[in-house]
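Me: I am new to this structure and would like to go through its aromatic rings with you. Please take the questions one at a time and give the reasoning before each result.

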Amino acid sequence: MSNKYMEWLKKYDVFSKILAVLIAVVLWLYVAGVNDFEENFKIKNIVPSFSGIEELATSKNLMIVGEYDVDIEVSGSRNDILRLNESDIRVEADLSMVSGAGTYEIPYTVSLPSSSYTLRNKIPQKLTVKFDEEDVNLVPVKVNTDGLAADGYVVDKANIVISPKELKLVGLQEDVDRVAYAEVVLLQKELKAGFSGDFSYSFFDTEGKELKNLSVQTDYETLNVSIPVLKTKEVPLSIDIQGSDAFKKYINYTFEPSTIKIAGEEDIIEQTTTIVAGAVKISDISSGMTKSFSLTLPDGISNLSGEMTASATLEFDGLSKKTVQTTLIEVVNTYTLPSGYKIRPVTTSINVDILGTEETLKKVNSENVRAVADLQSTVLSRGTHPINVAIVVDGIENTAVSNPEDYIIYVEVS
């Protein structure tokens with residue numbers, strides 16, 4: 001061969017190879033189109049249809065445990081395989097052989113779209129299906145409030161509203177029996193105000209472990225929840241000191257506990273500066289006395305501390321006490337006595353404790369202190385009787401009688 005011919009072959013050899021491949025493909029497509037070769041095709045995870053499942057639930061209270069699927073292999077012409085729609089393949093299992101809870105080998109049939117297809121294989125050959133009794137139960141609904149409220153706020157747990165409060169569970173007995181309660185799933189955090197809405201929920205066992213993949217159904221997909229959030233505050237306790245305003249400044253007291261933590265609507269809490277534990281009359285106070293109070297909070301305020309009582313120690317600061325013996329004993333409104341009855345005091349003197357500043361008490365003596373027995377609402381028979389008396393301090397202001405309810409005299413009616 002000449003050199004020119006060899007160079008030509010080298011130059012155009014690659015193009016001849018490509019042309020040969022194209023010609024081979026065209027020839028194969030032609031042959032395949034004319035002959036339409038048979039091919040095999042595998043289809044996986046086909047979910048079977050169970051006939052008789054409703055009857056089992058109604059008559060035998062049975063349910064299928066778990067999920068099942070089958071794999072098949074079919075053959076057909078290449079063109080038919082390309083046209084095959086998997087949704088046209090039906091896998092059916094008849095449950096008429098099931099008589100009670102347990103595991104059964106259930107035969108099944110595979111229906112292909114047309115006779116153009118042949119079933120070559122199916123896996124498994126039979127379905128191993130487990131059946132269990134269906135159960136019904138009511139479980140309570142809870143709300144986990146951890147972390148919902150921001151610092152300085154608290155969830156008002158006593159007034160959380162959940163609708164419904166219980167869920168009806170229907171499903172496999174072993175799954176239904178595991179559920180102790182349902183818990184609302186809340187994603188809110190650091191709240192400073194209440195909120196409400198419809199929320200999903202999860203199931204938990206008696207140990208608080210979340211349960212998943214349960215074969216149960218419920219009557220509600222979501223739960224309506226309303227959660228109030230309250231403002232909190234630490235406030236001191238106080239006493240309503242009743243009596244002369246001139247004396248109040250001389251009364252000091254300390255509480256145990258000294259403060260309590262309260263909660264309520266924000267506007268109410270902001271206006272609350274103290275909790276009044278109770279009232280004490282100045283005249284009933286003695287220095288160093290201890291008094292216990294039952295704590296009753298105003299409407300709209302809750303006690304978060306848990307303290308139901310508080311004890312106060314009261315002291316006089318700049319206030320003194322003076323004991324005066326008076327012989328000025330009077331009985332008034334004696335008209336209530338029956339006609340012909342006479343009355344005279346048997347008690348001739350009485351010791352009275354008077355409170356006041358040292359300067360004021362210097363002016364108090366037995367001549368300006370009287371004990372007055374008022375018979376206006378008293379009915380007496382003949383004999384000797386104890387009568388409560390009121391202590392009167394004449395002509396001196398800013399004094400008080402210590403324990404005024406404790407003073408009595410005896411009178412004789414004849």
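Me: How many aromatic pairs does the count come to?
Reply: This is a predicted model, in which local features need pLDDT of at least 70 and side-chain atom pairs count only at pLDDT 80 or more, while totals for chains, interfaces and linings use all residues. Residues are numbered from 1 along each chain as its sequence is written, and side-chain values use heavy atoms, with hydrogens and water left out. Rings of Phe, Tyr and Trp (its six-membered ring) pair if their centres lie within 6.5 Å, and planes under 30 degrees apart count as stacked, over 60 as edge-to-face and the rest as tilted. By this rule the number of aromatic pairs is seven.

Me: How far apart in sequence are the parts that Tyr-104 and Phe-131 tie together?
Reply: Tyr-104 and Phe-131 form an edge-to-face pair, with 5.7 Å centre to centre and 80° between the planes. Tyr-104 belongs to strand E6 (residues 102–106) and Phe-131 to strand E9 (residues 127–143), strands being DSSP runs of at least two residues, numbered from the N terminus. The pair therefore links parts whose separation in sequence is 27 residues.

Me: Which aromatic cluster includes Phe-255 and Phe-293?
Reply: Phe-255 and Phe-293 make a tilted pair, 5.9 Å centre to centre with 50° between the planes. Phe-293 is buried (under 20% relative accessible area; exposed is over 50%, partly exposed in between, with a 1.4 Å probe and protein chains only). The cluster consists of Tyr-253, Phe-255 and Phe-293.

Note on methods:
Helix = DSSP H or I, 4+ residues; strand = E, 2+ residues; numbered from the N terminus.
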